[in-house]
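Visitor: Hey, got a minute to walk through this one with me? I'd like to start with a side chain and work outward.

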There are 2 protein chains.
Amino acid sequence: MASSPTTLRLAVCLFDQVTALDYQGPIEILGFLDPNNVKPDVPTPSYLLEITYLARTLEPIKATAGPRALADRTYDEVGDGEQFDLILVPGGQGARPEKVPSSLLEFLKRQAPGAKHVLSVCTGSWILARAGLLQGKKATTNKSVFKAVVENIHGYGIDWIPKARFVVNDDKKIWTSSGVTAGMDMANAFLEYLVGKEAALRIRGIVELSAKEEGDDEFAEYYHLL
Amino acid sequence: MASSPTTLRLAVCLFDQVTALDYQGPIEILGFLDPNNVKPDVPTPSYLLEITYLARTLEPIKATAGPRALADRTYDEVGDGEQFDLILVPGGQGARPEKVPSSLLEFLKRQAPGAKHVLSVCTGSWILARAGLLQGKKATTNKSVFKAVVENIHGYGIDWIPKARFVVNDDKKIWTSSGVTAGMDMANAFLEYLVGKEAALRIRGIVELSAKEEGDDEFAEYYHLL
């Protein structure tokens, strides 16, 4: 007899000049675990997700491309008494050190230690690095800015992997993906890890994702990183 | 000597229960033609885009997955005196006949005849069909609901193509793509058509899209459509 699914709380981190596809790609896949969106032909998943969008303020977010978006709550409104299980950190122009909100960095420092999984897309890993979450970890980032990120974050003891669509650390806590569309492949692999291959296959069929595996990266070579 | 780029006006059609990735995928790619977002290493494109998000009202849009989004204007505010050059129609649960806003259908009937190109993603082609824009045309749609869409829209004289990542009609006016992530591959091909292979390659490098061609469709078989 199947047991009831466990609900995990997912925080999606928004900021101005975010690359909206960095979060929307994974969310379109993981969103099938939202109780309002579970499809009849997807096997009952062992986990469901409650998704919250966070930002520095409740003013509309201006992504580099895309309509203005609204967060549900601010980073500062998340108190010590609550804990997110999953955290998704996108990248983009707004992930650059001079632009990323300090309230986001503080949120990550408070919440990441108690979270089960932290996932980043594109230069979201630059934010994770600056929040001190990648020390001694393997990670990757967008290949078009790979060298600049690695140089900027030099000295944090991070094992940056150039040829990787995404990188999963052995303890499965920190997942980082390469640029933009790579976030969907990471989300597909994370979904498989979380709810199994059968449910993940149904979901990727609905969104028609031709999923790539961890090492399937054509862009490390394109950007002369090998 | 290169001539100045021509600015094209792109309308992105939003509605409640849209699949947000259906528009955000293509927009993340086409958005590099926004004058505020042209990258230094992308060859000066021959076309720039001015992007407007439209909806039935200015209330926040509730996508099936993703943060609430804000349109810039309503469909009814677009008067007879103005003309969009490009129209992008996403799909999703809200594309179903009983849900799609009549103001969107009316907008398409008014604007599509004068537009240069009309593009749809996923069940966005269901909306195009109901607006009478696919009569005598080739088209495709999401493969997980392909049979249901074709049956519903039976009699409109549409040549539905089961095995296609996307479908381009010979006059290049109507472009329809398969489900969700297929919209990015269509956008990549459209970008090549619009501004050439070199600029398109740079842009897909930045978003790390491993682009698929028109016939690269693994899902027609998965859903037993062949």
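Visitor: Is Asp171(A) buried, partly exposed or exposed, and at what relative accessibility?
Guide: Keep in mind that this is a predicted model. Asp171(A) comes out at 47% relative accessibility, so it counts as partly exposed.

Visitor: Which residue does Asp171(A) form a salt bridge with?
Guide: Lys137(A), with the closest N and O atoms 3.5 Å apart. Lys137(A) sits in the loop between α3 and β7 of chain A, and Asp171(A) in the loop between β9 and β10, so the pair ties together parts that are 34 residues apart in sequence.

Visitor: And Lys137(A), how accessible is that?
Guide: Its relative accessibility is 22%, so Lys137(A) counts as partly exposed too.

Visitor: Switching chains: what does Asp217(B) form a salt bridge with?
Guide: Lys143(B), and the closest N and O atoms are 2.6 Å apart. Asp217(B) is in the loop between α6 and α7 of chain B, while Lys143(B) is in the loop between β7 and α4, so parts 74 residues apart in sequence get tied together.

Visitor: Are those two buried or exposed?
Guide: Both Asp217(B) and Lys143(B) are buried.

Visitor: OK, what about the two copies, how does chain A lay on chain B?
Guide: A turn of 180° with a shift of 0.0 Å along the axis does it, at an RMSD of 0.0 Å. The copies are therefore related as by a two-fold rotation axis.

Visitor: Which C-alpha of chain A is nearest the axis?
Guide: That of Ala69(A), 2.2 Å from it.

Technical notes: Residues numbered from 1 in each chain as written. Chains lettered and ligands numbered in written order. Predicted model: local features only at pLDDT ≥ 70, side-chain atom pairs only at ≥ 80, totals over all residues. Heavy atoms only, no water. Least-squares fit on C-alpha atoms with pLDDT ≥ 70 in both. Salt bridge = Lys/Arg side-chain N within 4 Å of Asp/Glu carboxyl O. Helix = DSSP H or I, 4+ residues; strand = E, 2+ residues; numbered from the N terminus. Buried < 20%, exposed > 50% of the residue type's maximum accessible area, 1.4 Å probe, protein only.
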